Amino acid sequence: MSIKITENVTWVGKTDWELRKFHGDEYTTPKGSSYNSYLIKDKKNVLIDTVWKPYTKEFIDNLKKEINLNDIDYIIVNHAESDHSGALPELLKEIPNTPIYCTSNGVKLLKGHYHENWNFVEVKTGDKLNIGEREIIFIEAKMLHWPDTMFSYLTEDNILFSNDGFGQHYCSEFMYNDLVDQAELYTEALKYYANILTPFNKLIINKINEISALNLPIKIICPSHGIIWRDNPLQIVNKYLEWANDYQENQVTIIYDTMWNSTRRMAESIALGIKQSNKDIIVKLFNCARSDNTNLVGEVFKSKAIIIGSSTINKGILSSIAAILEHIKGQCFKKKKAVAFGSYGWSGESVNIITEELKKSGFEILEEGIKLIWVPDQEGLKKCIEFGSKIGQKLI
Ligand code: FEO
């Protein structure tokens, strides 16, 4: 399948309806994803990025329907990660000397991945490649999200090929933003930002400002995953500016795991207390052992505060809580608040362990955490409601 985007630009990627895990098991993709590759035809013909290795044959067979491979003059690798470069080894067996345009880090990463000495051409921000009626302008985007990442801009068609930036792990038969369900699209775009781009907030703001200063008209944004932004494409750029500015909604998220329901009952009483003192705040509860960590990171991203609870086990915390704390730490969230809670039988270390982890992850601790021994009685649950009420007041 190919999709004509403009007279001279064709999408030649792969929609992967089956994908359910990405980055190993780190990122869940319930709506699949796509690996977007683009073919530009002018006096010189250019291929931008490829697809993940398992789809190499389909990709090359499909590409051959669009162009004689020997007529591809240049390949641009905006990003060397395997989901975009995986088909290069087989493609380059067919057209071995084709110049590959990428950043200097791109050369290192491609060599690190494939151990081949291909015909690399290093480019920097502002370098241009004339392809006939059009030029391609390169814009380095280091650490958005890998050291090699760059964007490519096509004049005349005014298309920004932004690679992972502005993407979503979202599969649709309709490849354009104006043709898909807006709630689904933004849910996936936010989750993608929260899980992949949050650590680079400052770089994102700087990069968007840098690109704005170039005054390049942007008619279409073609990312490397998900749908293409052709209807008011700057809407996603503006959304990124909002998200990059330490985004939060009026939400508090309670994440817990529980052995025999004591910590769950504490969580529910804390939620009750929050609502008693702060009626406007959205309170969400998740048993993280039964939840999806990719979604949970999205919920933390939207929250002004998080409340994390675990029973104590073997002087430690439950493994599901350890896992979500590791996910949260990796995102380097800023300006968010947190507090810990949990039940215990004899030693009761969980609250201190969680609190220390949250501090290390940059959260402001709102209050000393609350812990209750054995199964909470009415007095214990009342303490949790009062605790929640205090937290709710602090979040007004
Ligand atoms: Fe979609 Fe960073 O690869």
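A good place to start is the surface, where Trp 346, Ile 373, Trp 374 and Val 375 make a nonpolar patch of about 550 Å². Keep in mind as you look around that this is a predicted model. From the patch, this briefing moves to a buried serine and then to the empty spaces inside the protein.

**The surface patch**
- One of the patch members, Ile 373, belongs to strand β24, which covers residues 370–373.
- Ile 373 has a relative accessible area of 43%, so this residue counts as partly exposed, a term for values between 20% and 50%.

**A buried serine**
- Ser 269 sits in helix α8, which runs over residues 262–277.
- With a relative accessible area of 8%, Ser 269 is buried, because the cut-off for that label is under 20%.
- Leaving aside residues up to four places away in sequence, Ser 269 touches Leu 381, Cys 384 and Ile 385.
- Val 51 lies 218 residues from Ser 269 along the chain, and the C-alpha atoms of the two are separated by 49 Å.

**Cavities inside**
- Rolling a probe the size of a water molecule over the atoms shows where empty space is left.
- The count comes to 4 cavities of 30 Å³ or more.
- The largest cavity holds about 90 Å³ of space.
- Its lining is made by Leu 144, Phe 151, Gly 165, Phe 166, Leu 197, Ile 204, Lys 207, Ile 208 and Tyr 240.
- Helix α6 (residues 201–213) gives the largest share of the lining of this largest cavity, with 3 residues.

Methods
Residues numbered from 1 in each chain as written. Predicted model: local features only at pLDDT ≥ 70, side-chain atom pairs only at ≥ 80, totals over all residues. Heavy atoms only, no water. Helix = DSSP H or I, 4+ residues; strand = E, 2+ residues; numbered from the N terminus. Buried < 20%, exposed > 50% of the residue type's maximum accessible area, 1.4 Å probe, protein only. Contact = heavy atoms within 4.5 Å. Patch = residues over 30% accessible without salt bridge, like charges linked within 9 Å, V, L, I, M, F, W, Y side chains within 5 Å. Areas by Shrake-Rupley, 256 points an atom, 1.4 Å probe, with all protein chains shown as cover. Salt bridge = Lys/Arg side-chain N within 4 Å of Asp/Glu carboxyl O. 1 Å grid on protein atoms, 1.4 Å probe; cavity = no way out; pocket = protein on both sides within 12 Å on 5 of 7 lines; lining within 4 Å. Points joined across faces, edges and corners; volume = space filled by probe spheres on them.
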